[in-house]
Amino acid sequence: MSLIRLENVRKIYQTGEVTVQALKGINLDIQKKSFVSFIGPSGSGKSTLLNLIGCLDKPTEGKVFVNNVEVGLFNRAESAAFRGKNLGFVFQNFNLIPVLTVYENVEYPLLMLDHLPLKERNDRVLRLLEKVGMTDQKKKYPNQISGGQKQRVAVARALVTNPQLVLADEPTANLDHATAFKVINIMQEMTNEFGTTFIFSTHDPKIVGEAEIIYTLEDGAIVNSEIKKEKK
Amino acid sequence: MKNLIKIAFRNLFRNKRRTILTSSLITFGVVLVIVFGGLAISFKSQMVGILTNTAMGDLQIHHNGYVESIDNLPLNLTLSGTELEKVEKILSDIPEVASYSPRIKIGAMISNYAQTSNIRMSAVYPKMENRTVPEFAKRIKGNIPNPDEFLKQGEILVPENLMKGLSLKIGDEIVLVATNKDGSVNAITLRIAAMTENVFGPSGKDGYMHIEDAQFLLRQDQPEIVEIAIHLQRYDQLNKVYSQLKQSSISKDSKFEVHTWEQLSPFASIARIVDLLIIVVKFILISIVLVSILNIMTMSVYERISEIGTIAAIGTSPRRILSLFLIEGSAMGLLSTVAGIIIGLGILWIMNISKIDFTFGSMDLSLAPSIPASEVLVVAVIVMIVSLFAGLQPAYKASKMEPVDALGHN
């Protein structure tokens with residue numbers, strides 16, 4: 001069943017007199033519960049594609065559907081509400097909120113949802129912290145934990161609202177190899193356990209191997225798609 | 001909202017040194033307003049108290065045209081017996097009026113038989129005068145066992161400067177010479193009962209005599225009252241009673257005019273300057289708060305662009321981002337105001353204990369500064385409103401950021 005559908009999507013950036021075609025007519029269909037990777041060199045359009053799917057940006061042309069909803073038509077407040085309910089994000093620089101503890105960082109997206117009882121909120125946060133192995137660090141602040149731990153917290157935060165889709169832009173770029181594998185494995189486990197679709201972009205060829213489906217981008221176009229692994 | 005407040009407060013203390021420095025500046029502004037306000041209000045009320053309670057009364061009633069008359073102390077603009085009764089009836093019906101004192105004001109010559117000088121006399125009923133200007137007795141130098149009888153018939157109170165100038169002492173006889181409204185010159189011999197300090201300064205030559213002696217001096221069958229000084233139960237009733245008297249038949253039949261002390265005394269302009277200074281200090285506070293909060297919130301937004309992108313990406317609505325930064329600005333205003341009020345009131349309390357005595361003109365003032373709760377509330381409300389206003393632009397900017405641009409910012 002299709003979760004994401006892109007129809008002839010173009011994205012053009014205008015910087016002064018310079019026009020950059022970041023995406024050139026992308027057509028894409030990603031099924032639910034997939035573990036997908038976008039690879040390609042810098043400037044190939046990976047981040048732009050993730051931003052469009054994540055309702056963080058709008059296409060210049062074409063249509064982006066997430067869960068059969070055309071997200072390009074949303075206004076800013078609608079986009080924020082849609083992201084809060086349906087999407088999770090993992091960033092290259094972890095992007096945890098420095099004034100909140102590990103527990104509070106994971107809890108934060110739930111606070112943006114209306115009327116979620118305290119007990120359910122508490123249960124969800126603790127369950128995810130346990131899944132990513134951060135329960136004993138829950139009272140620490142981001143500056144008191146390692147990069148790998150931060151990214152595990154970020155994964156928990158991305159999953160806490162039970163989103164159908166988690167987007168991760170270069171999630172392992174700032175991690176050492178072993179930690180990067182751990183984070184990717186956690187993401188994989190979550191896909192299997194919660195049925196969440198994970199889409200991540202990466203440069204790292206070893207990490208790419210962990211994805212089920214790999215889309216290769218070059219100069220704003222998908223030049224190759226490959227099914228690497230059967231679903232576990 | 002609870003969580004936004006929690007995050008806002010924690011954000012404030014991210015950069016403790018900067019927050020404390022900025023808060024200190026706002027706190028200093030609040031302390032300045034409270035201490036200056038306390039001192040100024042105390043100075044003003046002391047000054048007004050001395051003027052109204054030792055000489056002028058809170059309000060005065062005269063015959064129409066008296067105040068603006070081209071003559072000094074005209075004797076033809078007086079209240080007849082019937083008119084006086086009418087005024088007395090109206091005054092007795094106003095519960096806020098504590099007392100009143102009819103006066104005859106005379107421009108006269110005073111002589112010690114060798115030298116002569118001019119003097120401005122107030123002829124009064126001592127008991128009524130003492131009730132109307134209750135602090136006056138304190139400015140009398142001499143043996144006055146009962147303030148209600150500070151003056152008897154045949155006696156005069158002479159101002160200190162004339163006592164010195166005419167080499168007079170208490171108990172001496174003087175001759176008072178005056179012209180009545182018909183132009184006839186008359187004289188009366190009076191004994192000096194005591195001398196008075198003049199509230200209007202060393203150049204003032206204001207003496208007091210009994211109203212019945214004035215009747216004799218001016219050859220009046222009935223006392224022809226020139227002025228009625230009124231003392232109110234409380235000073236804050238001034239405008240209310242003034243309006244009441246203006247609307248009563250006293251003013252309506254256009255024979256009488258009513259004035260507050262402010263309309264009659266040049267010292268009222270000093271009181272107005274004091275009020276103006278308080279407003280200026282409040283403007284300084286507003287400027288301090290505006291610049292401080294605007295500066296710190298603008299810095300805060302620029303430092304946290306990537307974080308704004310993150311919270312927007314994970315579902316925080318633009319409205320909540322706006323609220324977050326507004327709460328941060330307001331929280332800083334609130335904390336600084338509370339600190340400023342506590343420190344300011346503490347300083348006023350210490351000043352109150354140690355009493356500040358000084359002389360302003362010829363008025364001996366003892367400042368016991370205090371500030372009304374309403375004034376403290378006004379200061380708090382000003383700071384909060386300005387904090388909110390100052391935080392608005394940076395908060396709006398934060399809420400309008402596109403998440404994709406903000407996330408890409410390093």
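This note sets out points on the two sheets of chain A and on the interface between chain A and chain B in a predicted model.

1. Antiparallel sheet of chain A. Four of the strands of chain A are arranged as an open sheet in the order β2-β1-β4-β5, with antiparallel pairing. Its edges are formed by β2 (18-31) and β5 (69-70) of chain A, each of which pairs on one side only.

2. Pairing of β1 and β2. Within this sheet, strand β1 (residues 2-15) of chain A runs antiparallel to β2(A), and 10 bridges join the two. A:Tyr13 is placed opposite A:Val20, a residue of β2(A).

3. Helix on the antiparallel sheet. Helix α1 of chain A, residues 46-53, lies across β1, β2 and β4 (61-66) of chain A. The direction of this helix is at about 120° to β1(A).

4. Mixed sheet of chain A. A further open sheet comprises 6 strands of chain A in the order β6-β7-β8-β3-β9-β10, and its pairing is mixed. The edge strands, each paired on one side only, are β6 (87-90) and β10 (221-227) of chain A. From one strand to the next, the twist averages 20°.

5. Parallel pair and its neighbouring helix. In the mixed sheet, β7 (residues 165-169) and β8 (residues 197-202) of chain A pair in the parallel sense over 5 bridges. A:Ala168 has A:Phe200 of β8(A) as its bridge partner. Helix α5 (residues 147-159) of chain A packs on this sheet and touches β6, β7 and β8 of chain A, with its direction making about 170° with that of β6(A).

6. Extent of the interface. Chain B contributes 26 residues to the contact and chain A contributes 25 residues. The area buried between the two chains is about 2,200 Å², and carbon and sulfur atoms give 58% of that area. On the side of chain B, 27% of the area buried against chain A is supplied by B:Arg10, B:Ile314 and B:Val404, more than by any other three residues.

7. Polar features of the interface. There are 3 salt bridges between chain B and chain A. In a salt bridge with an N to O distance of 2.4 Å, the side chain of B:Arg10 meets that of A:Glu104. Polar contact is found for 11 residue pairs across the interface, both residues being at pLDDT 80 or more.

8. The chain B side. The elements giving two or more residues to the side of chain B that touches chain A are α1 (2-12), α11 (305-313), α12 (318-354) and α14 (403-407) of chain B. Helix α11(B) provides the largest share, 6 residues. By residue class, this side divides into 10 nonpolar, 9 polar and 7 charged residues.

Terms used:
Residues are numbered from 1 along each chain as its sequence is written. Chains are lettered from A and ligands numbered from 1 in the order in which they are written. This is a predicted model: local features need pLDDT of at least 70, side-chain atom pairs count only at pLDDT 80 or more; totals for chains, interfaces and linings use all residues. Side-chain values use heavy atoms; hydrogens and water are left out. Two strands pair if DSSP finds at least two bridges between them. Contact means heavy atoms within 4.5 Å. Axes are lines fitted to C-alpha atoms, for helices over the stretch in contact, and angles run from 0 to 180 degrees between N-to-C directions. Buried area is the accessible area (1.4 Å probe) that two parts lose on being put together, summed over both. A salt bridge is a side-chain nitrogen of Lys or Arg within 4 Å of a carboxyl oxygen of Asp or Glu. A polar contact is a pair of N or O atoms within 3.5 Å; within protein, one must be able to donate a hydrogen and the other to accept it, and residues adjacent in sequence count only if both atoms are side-chain atoms. Ala, Val, Leu, Ile, Met, Phe, Trp, Tyr, Cys and Pro count as nonpolar, Asp, Glu, Lys and Arg as charged, and the others, Gly among them, as polar.
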